[in-house]
Amino acid sequence: MTAGGDGERSRADVRGAADKQFTVRESAYRVGEHIVKSTCHVCHNAVGPNPSPSEMLEGAIPPLSTLTTRVTLPDFVRKVTHGSPIVEGTPPTPYRGRMPVYPYLTQDEAAAAYQYLILYPPQL
């Protein structure tokens, strides 16, 4: 913020803008849609085959259409916001996986993404 000539504070050099700020409220589903379309789609396809554990070890990334059948809501939220090891292979071995952690997402925002995928599952 900068001070105007008469001492009034302004934003982006627009006098009085600070007094006209407002909060936009979106439903959880709309928040989830924004997250899925802006963050999840960077790595995940919308639809496709559900990879096997061995395919996952080889680098396959599951599509968003199978996500809610692969993990529960609490597991998804934990994985997205804090990370979570998975056990794969023979013999069973803990594995970090390739899923990045998004510490800037709140647990509610991660849950909103999961709920969006339940309500609006990706389709061909």
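1. Let's start with K37. This lysine counts as exposed, at 51% relative accessibility. In this predicted model, the side chain of K37 meets that of E33 in a salt bridge, with 2.7 Å from N to O. The two residues share helix α1 and lie four residues apart, about one turn of the helix.

2. E33 has another partner. The side chains of R30 and E33 also form a salt bridge, at 2.6 Å from N to O. R30 sits three residues from E33 in helix α1, again about one turn of the helix. Taken together, R30, E33 and K37 are linked in a network of salt bridges.

3. Do look at how accessible each member of that network is. E33 is buried, with a relative accessible area of 17%, R30 is partly exposed at 35%, and K37 is exposed at 51%. So E33 falls under the 20% cut-off for buried, while its lysine partner K37 is just over the 50% cut-off for exposed. As general background, side chains of opposite charge can pair when their charged atoms come close.

4. How many salt bridges does a search of the whole structure find? The count is three. Besides the pairs R30 with E33 and K37 with E33, there is one between the side chains of D75 and R78, at 2.4 Å from N to O. D75 and R78 are separated by about one helical turn, because they are three residues apart in helix α4. D75 is partly exposed, with a relative accessible area of 32%, and R78 is partly exposed as well, at 40%.

5. Back to helix α1, for its inward side. Its buried residues are G32, E33, I35 and V36. What covers the buried residues of α1 includes helix α5. V36 appears again in the next point, as a member of the nonpolar core.

6. The largest nonpolar core has 16 residues, and those with the most contacts inside it are V36, F76, V80 and L117. Three elements give two or more residues to this core: α1 (28-38), α4 (73-81) and α5 (107-119). Helix α5 supplies the largest share, six residues. In soluble globular proteins, nonpolar side chains tend to be buried together.

7. F76 is a good residue to click on if you want to see this core from the inside. Which residues does F76 touch, not counting residues up to four places away in sequence? They are L67, V71, A110, A113 and Y114.

8. On the outside, Y29, L119 and Y120 make a nonpolar surface patch of about 310 Å². Y29 is found in helix α1, the helix that also holds R30 and E33. Y29 is partly exposed, with a relative accessible area of 39%. That value is over the 30% needed to join a patch, so Y29 can be included.

9. Now the cysteines. Why does a search of the whole structure find zero disulfides? The sulfur of C40 has its closest cysteine sulfur in C43, 9.0 Å away, which is too far for a bond. Seen from C43, the closest cysteine sulfur is that of C40, at that 9.0 Å. A disulfide calls for sulfur atoms within 2.5 Å, so this pair does not qualify. As for their surroundings, C40 counts as buried at 15% relative accessibility, whereas C43 is partly exposed at 40%.

10. Finally, the overall layout. The secondary structure comes to five helices and five strands. Read along the sequence, the pattern is β-β-β-α-α-α-α-β-β-α. Among contacts with a separation of 6 or more, 48% are between residues 24 or more positions apart.

11. A few totals to keep beside the picture. Buried residues make up 30% of the 124 residues in the protein. The protein exposes about 8500 Å², and carbon and sulfur atoms supply 56% of that area.

Notes. Residues are numbered from 1 along each chain as its sequence is written. This is a predicted model: local features need pLDDT of at least 70, side-chain atom pairs count only at pLDDT 80 or more; totals for chains, interfaces and linings use all residues. Side-chain values use heavy atoms; hydrogens and water are left out. A nonpolar core is a set of buried Ala, Val, Leu, Ile, Met, Phe, Trp, Tyr and Cys residues joined through side-chain atoms within 4.5 Å. Buried means under 20% relative accessible area, exposed over 50%, partly exposed in between (1.4 Å probe, protein chains only). Contact means heavy atoms within 4.5 Å. Accessible areas come from the Shrake-Rupley method with a 1.4 Å probe; for residues, only the protein chains shown count as cover. Patches are made of residues with over 30% relative accessible area and no salt bridge: like charges are joined within 9 Å, nonpolar side chains (Val, Leu, Ile, Met, Phe, Trp, Tyr) within 5 Å. A salt bridge is a side-chain nitrogen of Lys or Arg within 4 Å of a carboxyl oxygen of Asp or Glu.
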